[in-house]
Amino acid sequence: MDRSVQFLKDRITDKMPLEEMVGIFEQMCSTPVEEEMILFETGTFPFPGGPMFLISLVSQFPNGEEEFFQLHLNILYEPDRESERFREAVWDEDIGENIFDYIRGSEAFAYAKKREYVKVEIYLDET
């Protein structure tokens, strides 16, 4: 777990293009983890300091105690009228294609990759 967090923190740099961050997250997920699920979530959500448009990638896996670890890569943008139309949460097991192909083909991804993000967050938590 900590190695995965460090993997992301070592490779994702400030002002890196969104496409590269998704590629690094995909690379991290290429090492099989038992019962891993990947979540793609997007939308405008409340944050300290005000609402932000979020592109979020989450790798979720059992913690051994009937709960889950969740490794987050959150990319935050200033919201605008256009970003308001994007809101979804998709688990890899719920679609019939590779989750990273789905992410790269999404309208939210196309929108976000043309914008400058404000902040990137990488962290691990538990459900």
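## Exercises on helix H1, the fold and a pocket

On H1, the exposed residues Asp2, Arg3 and Asp10 sit on the face turned away from the helix's buried side. Keep in mind that this is a predicted model.

**Exercise 1.** Find which residues of H1 are buried, and work out why they lie on the same side of H1.

*Solution.* Start with the list: Val5, Phe7 and Leu8 are the buried ones in H1. Next, look down the axis: these residues cover an arc of only 155 degrees, which puts them on the same side of H1. Here's some background: an α-helix has 3.6 residues a turn, so residues three or four places apart point the same way. Last, check what lies over them: the cover includes H2, strand S3 (68-77) and strand S5 (119-126).

**Exercise 2.** Describe the order of helices and strands, then work out how compact the protein is.

*Solution.* First, take stock: there are four helices and five strands. Along the sequence they run α-α-β-β-β-β-α-α-β. Now for compactness: the radius of gyration is 14 Å, close to the 14 Å from the globule rule for 127 residues, so the protein is as compact as a globular protein of that length. As for burial, 43% of the 127 residues are buried.

**Exercise 3.** Locate the largest pocket and say what lines it.

*Solution.* Begin with its volume, about 240 Å³. Of its 13 lining residues, Arg3, Ser4, Met28, Thr31 and Val33 come closest to the centre. Then trace the elements: H1 (2-11), H2 (18-29) and strand S2 (50-62) each give two or more residues to the lining. Finally, sort by class: seven lining residues are nonpolar, four polar and two charged.

Technical notes. Residues are numbered from 1 along each chain as its sequence is written. This is a predicted model: local features need pLDDT of at least 70, side-chain atom pairs count only at pLDDT 80 or more; totals for chains, interfaces and linings use all residues. Side-chain values use heavy atoms; hydrogens and water are left out. On a 1 Å grid over the protein atoms alone, a cavity is a set of points where a 1.4 Å probe fits but cannot get out, and a pocket is an open set with protein on both sides within 12 Å along at least five of seven lines; lining residues have an atom within 4 Å of a point. Grid points are joined across faces, edges and corners, and a volume is the space filled by probe spheres set on the points. Ala, Val, Leu, Ile, Met, Phe, Trp, Tyr, Cys and Pro count as nonpolar, Asp, Glu, Lys and Arg as charged, and the others, Gly among them, as polar. Buried means under 20% relative accessible area, exposed over 50%, partly exposed in between (1.4 Å probe, protein chains only). The arc is that of the directions from the helix axis to the C-beta atoms. Contact means heavy atoms within 4.5 Å. The radius of gyration is taken over C-alpha atoms; the globule rule is 2.2 Å times the number of residues to the power 0.38.
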